[in-house]
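Colleague: I have a few "how do you know" questions about this one. Can we go through them with the model open?

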Amino acid sequence: MIITIDGPAAAGKGTLAQKLAAKYNLAYFDTGMVYRAVGIDLIANGISPDNIVGAEESARNMTFSKMQELAQNPDFRSPIGGQAASKVAAMPKVRELLLKMQQDFAKKPIAKDGSVVAGVVYDGRDTGTTVCPNADIKLFVTASPEVRAMRRHKEYLQKGLPSMYEDVLAQTKERDLRDSSRAASPLKPADDAVIIDTSDMGIDEVFAKVCRIVDEKL
Ligand code: C5P
């Protein structure tokens, strides 16, 4: 069983994907991590995330274990990591170099507890369109930029990171624009995706709706 969940930043994809993975005993792959890993790898080596040659070199040498190591960097989940990820994610060759790593994960999916399981929940921007076009269930989860920026802002504050709502809103809009206007694998729903707008929905409501879709498929 392969489930893809795509959509803009802070739409609620990650929480939903992890709940689904736990309920249906599936692995979880947060594909934003591969782009954050390249972005942080560059910053850690004093290279600008706008540097195409550096980004391609980093993507060419990226592995799962290197990505997990880079995820320990305090900037990995911060706005710095997010902005750097969105810059390298707009480079077509970088996307191409990171594609196989994402697709291979479904061949032997490993769950959180280390066990090999029967499927994956992918979370990203192009997992239903490019990474797994043959997925069993495709979801496109979205919400208004204001709602998403407020969620991210609260998340940063909870983690003790400095945050201003207006700045987070501006960054959210900037990333949306870059993600949906790039030439390679732009952010858009797959033709056969179910679109879920979470602006006025709590996570429990979204989860219940998606579980009905999965149960029907099973
Ligand atoms: O989801 P997350 O915020 O971690 O993603 C960081 C960035 O990586 C996104 O803004 C987007 O530019 C990029 N990304 C992508 N394709 C994916 C996942 C993430 O382009 N499948």
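Modeller: Sure, we'll start at the ligand and then move to some loop residues; bear in mind that this is a predicted model.

Colleague: Which residues come nearest to the ligand, and what makes a residue count as near?

Modeller: R36, R95, D126, R175 and D179 come nearest, out of 14 residues around the ligand. The test is a heavy atom within 4 Å of the ligand.

Colleague: What makes the approach of R175 to the ligand a polar contact?

Modeller: A polar side-chain atom of R175 lies 2.5 Å from an oxygen atom of the ligand. The cut-off for a pair of N or O atoms is 3.5 Å, so the R175 pair is a polar contact. R36 passes too, because an N or O atom in its side chain is 2.7 Å from a ligand oxygen. For R95, the distance from a side-chain N or O atom to an oxygen of the ligand is 2.7 Å, so that pair also falls within 3.5 Å.

Colleague: How much of the ligand's accessible area does the protein cover?

Modeller: On its own the ligand has 460 Å² of accessible area, and the protein covers 97% of that.

Colleague: Where does the ligand sit, and how do you know?

Modeller: It's in the largest pocket. To say that a molecule sits in a pocket, more than half of its atoms must lie within 2 Å of the pocket's grid points, so the ligand meets that test.

Colleague: Which elements give two or more residues to the shell around the ligand?

Modeller: Those are α2 (32-44), α5 (79-88) and α9 (165-181). The largest share, three residues, comes from α2.

Colleague: And what does the shell look like by class?

Modeller: Seven residues are charged, four are polar and three are nonpolar.

Colleague: On to D113: why is it called exposed?

Modeller: Its relative accessible area is 62%. Exposed means over 50%, so D113 qualifies. You'll find D113 in the loop between α6 (92-104) and β3 (120-124). Its side chain makes a polar contact of 2.6 Å with that of S115. The C-alpha atoms of D113 and V94 are separated by 30 Å, with the two positions 19 residues apart along the chain counted as their spacing.

Colleague: What makes N25 worth a look?

Modeller: N25 has a positive phi of about 55 degrees although it isn't a glycine. Its place is the loop between α1 (13-23) and β2 (27-30). S185, also not a glycine, has a positive phi of about 45 degrees, and sits in the loop between α9 and β5 (194-197).

Notes:
Residues are numbered from 1 along each chain as its sequence is written. This is a predicted model: local features need pLDDT of at least 70, side-chain atom pairs count only at pLDDT 80 or more; totals for chains, interfaces and linings use all residues. Side-chain values use heavy atoms; hydrogens and water are left out. A polar contact is a pair of N or O atoms within 3.5 Å; within protein, one must be able to donate a hydrogen and the other to accept it, and residues adjacent in sequence count only if both atoms are side-chain atoms. Accessible areas come from the Shrake-Rupley method with a 1.4 Å probe; for residues, only the protein chains shown count as cover. On a 1 Å grid over the protein atoms alone, a cavity is a set of points where a 1.4 Å probe fits but cannot get out, and a pocket is an open set with protein on both sides within 12 Å along at least five of seven lines; lining residues have an atom within 4 Å of a point. Helices (H or I, at least four residues) and strands (E, at least two) are DSSP runs, numbered from the N terminus. Ala, Val, Leu, Ile, Met, Phe, Trp, Tyr, Cys and Pro count as nonpolar, Asp, Glu, Lys and Arg as charged, and the others, Gly among them, as polar. Buried means under 20% relative accessible area, exposed over 50%, partly exposed in between (1.4 Å probe, protein chains only).
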